[in-house]
Amino acid sequence: MEIRALRKDVLNHKTDCLIIGRFEGREGTELVEDINKALGGVLSNAIKSGDFKGELNQIAMFYSAGNISAKRVLMVGLGKKKEFTLDKLRQASGTAMGALKQKRASSLSTTLPQSVNGIFSCEEAGQVIAEGSLLAQYDFSEHKTKKKEKPKPIKTLNLVMALRQKGIKELEKGAQKGARIAEAVSVARNLISQPANVATPSHLAAIAAERSKELGFKATVLEKKDMEKLKMGALLGVAQGSSEPPKFIVLEYFKGKKEAKPFVIVGKGVTFDSGGISIKPSPGMEEMKTDMSGGAAAIATVIAAASLKLPLNLVALIPATENLPGSKAYKPGDILTSMSGQTIEVLNTDAEGRLIMADALTYAERYEPEAVIDIATLTGACVVALGSHATGLLGNNEGLKKQLLKAGEETGERLWELPLWDSYKEQIKSDVADMKNIGGKEAGTITAAALLDKFATKYHWAHLDIAGTAWDSKGAPYSPKGAVGAGVRLLVRFLEDRLSD
Ligand code: BES
Ligand code: ZN
Ligand code: ZN
């Protein structure tokens with residue numbers, strides 16, 4: 001879908017559908033009132049009847065009889081004006097696209113608010129309208145062989161500004177930025193949506209390498225023999241049970257000042273988590289193809305940074321492997337020696353994510369990073385604690401956590417902090433090794449982070465547990481049912497905020 005900003009006489013603008021926003025309350029904007037008048041009052045009738053109140057994401061469709069140039073008018077509720085946010089604008093944009101997906105409309109024009117009483121700029125509005133619209137359009141149907149099951153794609157979306165309004169250049173700039181970010185999120189969603197027989201560690205590496213050439217960042221893939229040389233015993237331990245070769249993907253985007261220390265993103269890349277010898281129950285096991293969502297987010301964040309040409313130094317590390325119970329699989333009771341030299345007693349082979357992340361966190365030391373952020377579908381306990389409403393946040397630096405929380409509010413990808421007190425660290429003490437890989441029934445998200453904490457000792461570090469947010473089984477306005485691409489917009493915003501500090 002192509003997106004552009006235009007300045008037009010809205011009533012005389014030809015389009016398959018004109019999207020308009022309406023806050024709760026009696027009065028609409030000047031534009032909405034003009035359209036209402038031209039259509040003989042149908043919009044106000046919908047409101048007077050009580051059918052349409054303007055609640056967030058409410059919709060009403062009208063068909064014009066030639067009284068304005070648009071074929072249809074889609075009115076979208078924006079909620080209370082006082083409570084309006086950029087994420088609500090993103091949602092309303094997504095809702096509109098969702099409603100038009102199945103219609104015979106290929107060229108759309110949106111007049112959703114481009115500024116509200118100075119709360120946000122035209123550039124920000126353009127960005128979130130583009131993000132919400134494009135992300136709502138996401139569809140993963142490449143494995144369907146019957147074409148008619150695919151919805152007809154929408155070809156163009158015009159962000160229309162009335163002739164008297166200012167800020168068209170900013171609106172266009174924001175829209176193009178939003179389009180690039182949405183494209184990167186879609187890369188993550190595609191990787192996550194693919195079944196595990198397609199999205200193997202080699203596939204992740206191949207896609208990352210392909211995009212690196214196009215966008216000008218460096219992709220290096222470490223093979224099993226390289227991991228052996230580096231003594232990545234924890235990652236290799238997990239990989240043992242599968243005949244699919246593990247890959248350690250290193251992406252380097254160095255477009256910042258020479259002396260600027262890089263940010264490192266570490267993403268969990270378990271392309272299928274059966275649980276290994278501590279095997280998971282069959283119902284729902286298919287969802288474990290999403291256990292590389294952190295890795296996908298790390299790859300997509302570098303893609304976004306390169307595509308937006310952000311002037312910074314950024315590294316992504318993705319330890320990628322399957323977790324299967326093959327005949328060579330690691331077993332409960334095994335003791336693994338990690339790259340750091342610390343030993344880990346394996347008491348449950350399903351707690352594999354923390355093991356592969358541990359070696360990646362040690363590898364990160366060589367960059368002398370500004371900060372390391374890891375992102376992983378790490379614990380079922382996080383789903384229990386926060387559901388799909390927030391990503392779990394833990395870490396060893398207050399400033400870093402604060403900045404991430406802020407980026408979470410700004411992007412609508414909300415985070416919730418859990419404590420990482422020393423008393424929790426007691427739970428992973430082992431009788432026979434330096435630590436054990438599970439900490440008992442209580443506080444599972446925290447004890448998993450407590451293990452990572454033992455490897456993230458040389459830099460500022462934050463951990464994002466996206467087990468509950470990576471996959472949406474219901475669907476939301478700009479996130480159709482399935483892979484969310486969680487963390488990409490958040491991390492891009494965090495990096496941008498750090499640039500402007
Ligand atoms: N990949 C899972 C965590 C997960 C659960 C992600 C649900 C997405 C949705 C992880 O590797 C795992 O299996 N964790 C175990 C740890 C336990 C054995 C201590 C868990 O959470 O049950
Ligand atoms: Zn597991
Ligand atoms: Zn896992």
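A crossover is called right-handed when, with the strands pointing away from the viewer, the path from the first strand over the helix to the second runs clockwise. This is a predicted model, so local features are described only at pLDDT of at least 70 and side-chain atom pairs only at pLDDT 80 or more, while totals for chains, interfaces and linings take in all residues. Residues are numbered from 1 along each chain as its sequence is written, chains are lettered from A and ligands numbered from 1 in the order in which they are written, and side-chain values rest on heavy atoms, with hydrogens and water left out.

**A right-handed β-α-β unit built from strand 15, helix 12 and strand 16.** Here strand 15 covers residues 391–395, helix 12 residues 398–411 and strand 16 residues 415–417 (helices, H or I with at least four residues, and strands, E with at least two, are DSSP runs numbered from the N terminus). Strands 15 and 16 pair in the parallel sense over 3 bridges (pairing takes at least two DSSP bridges between the strands). Look for Gly392, which stands opposite Trp416 in strand 16.

**Strand 15 with its antiparallel partner, strand 18.** Strand 18 spans residues 461–465, and 4 bridges link it to strand 15. Leu393 of strand 15 has Leu464 opposite it in strand 18. 5 of the 5 residues of strand 15 are buried, so the rest of the structure largely encloses it (buried is under 20% relative accessible area, exposed over 50% and partly exposed in between, using a 1.4 Å probe and protein chains only). Both faces are covered: Thr391, Leu393 and Gly395 sit on one side, with Gly392 and Leu394 on the other.

**The zinc ion (ligand 2) and its irregular set of donors.** Asp273 (OD), Asp350 (O), Asp350 (OD) and Glu352 (OE) are its protein donors, 2.0 to 2.2 Å away (donors are N, O and S atoms within 2.8 Å of the metal, or 3.2 Å for Na, K and Ca; water is not among the atoms, so sites may look incomplete). Along the chain, the spacing reads D-x76-D-x1-E. Asp273 belongs to strand 10 (residues 269–273) and Glu352 to the loop between strand 13 (343–345) and helix 10 (353–364), so this pair ties together parts that are 79 residues apart in sequence. The 6 donor atoms subtend angles of 72 to 169°, which makes the arrangement irregular (four donors are tetrahedral if all angles lie between 85 and 135 degrees; four are square planar and six octahedral if opposite donors are over 155 degrees apart and all others between 65 and 115; anything else is irregular).

**Next door, the zinc ion (ligand 3), 3.2 Å from the zinc ion (ligand 2).** Asp273 is the bridge between these two ions. The zinc ion (ligand 3) is held by Lys268 (NZ), Asp273 (OD), Asp291 (OD) and Glu352 (OE), at 2.0 to 2.4 Å. Those donors follow the spacing K-x4-D-x17-D-x60-E. This time the angles among the 6 donor atoms run from 77 to 176°, which makes the arrangement octahedral. Asp273 is buried, with a relative accessible area of 3%, and Glu352 is buried too, at 1%.

**Helix 9, residues 293–307.** Its 15 residues reach 20 Å from first C-alpha to last, close to the expected 21 Å (the expected span is 1.5 Å times one less than the number of residues). 15 of the 15 residues are buried, so helix 9 is largely enclosed by the rest of the structure. Past the helix comes Lys309, with a positive phi near 55°.

**A salt-bridge pair within helix 12, Glu410 and Lys406.** Their closest N and O atoms are 3.3 Å apart (a salt bridge puts a side-chain nitrogen of Lys or Arg within 4 Å of a carboxyl oxygen of Asp or Glu). The two residues are 4 apart in the helix, about one turn. Lys406 is partly exposed, at 45% relative accessibility.

**Arg493 reaches Glu410 from another helix.** The closest N and O atoms of this salt bridge are 3.0 Å apart. Arg493 lies in helix 15 (residues 488–500) and Glu410 in helix 12, so the pair ties together parts that are 83 residues apart in sequence. Shared partners join Lys406, Glu410, Arg493 and Asp497 into one network.

**Lys331 and Asp334, one of the 28 salt bridges in the structure.** Their closest N and O atoms lie 3.7 Å apart. Lys331 is partly exposed, with 43% relative accessibility.
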